[in-house]
Amino acid sequence: MAALPAYRHVQPYTVLWVVLPLTGVATGLASWMSPGVPLSLLLAMVGLPLALLAVLGRLVIELDARELRWRFGWLGRPAWRVALAEIEAVEKTRAPARAGSGIRGLGRQRLYNVSIGGPAVGLKLRDGRHILLGTPEPERLAAYIEARRSGRA
């Protein structure tokens, strides 16, 4: 049996929860009112936004004694993890609004966020990578990470 995480926070991807259903309904209505549109195409136009919500509709951040994990949606993928021993530094910061939301960045700098801008925790890893995790509770997450890195928890 897997141990429960010491820290767990779930954030809805609010922008997607507003935009995708509206897009699906608008597209579905437009297709339904157009003569000759196959039912299968209509169902796909409404179903695609629902599938995207299942894959990306929330951000879950978990921390246990050995690693920090984060993932989007309900399917468990996409998902990432980093061993606490690989974290060199932790800082409370803010994600810039210009960076947008979602999974951003290439190479050695990445942002994982479900809001546009806002509070975040920055991680500097031993291999030089930088990760920015958007969270409404950066103080709490940073404190949990620091406590486990130092062996206090």
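Two strands are taken to pair if DSSP finds at least two bridges between them; strands (E, at least two residues) and helices (H or I, at least four) are DSSP runs, numbered from the N terminus. This is a predicted model, in which local features need pLDDT of at least 70, side-chain atom pairs count only at pLDDT 80 or more, and totals for chains, interfaces and linings use all residues. Residues are numbered from 1 along each chain as its sequence is written, and side-chain values use heavy atoms, with hydrogens and water left out.

Strand β1 (residues 7-12) runs antiparallel to β2 and is joined to it by six bridges, with His9 opposite Ile61 of β2. On to β3, β2 is again antiparallel, through five bridges; Ile61 stands opposite Trp70 in β3. A hairpin with three residues between its strands is formed by β2 and β3.

Six of the six residues of β2 are buried (under 20% relative accessible area, 1.4 Å probe, protein chains only), so this strand is largely enclosed by the rest of the structure. Arg58, Val60 and Glu62 cover one side, and Leu59, Ile61 and Leu63 the other. Both faces of β2 are covered, and the residues named on either side are all buried.

The largest nonpolar core, a set of buried Ala, Val, Leu, Ile, Met, Phe, Trp, Tyr and Cys residues joined through side-chain atoms within 4.5 Å, has 25 residues. Ile61, Leu68, Trp70, Ile87, Leu123, Leu133 and Ile145 touch the most other members. At least two residues of this core come from each of α1 (14-33), β2 (58-63), β3 (67-72), β5, β8, β9 and α3 (138-149). Beyond its neighbours within four places in sequence, Leu133 is in contact (heavy atoms within 4.5 Å) with Ile61, Leu68, Trp70, Tyr112, Ala120, Val121 and Leu123.

Technical notes. Buried < 20%, exposed > 50% of the residue type's maximum accessible area, 1.4 Å probe, protein only.
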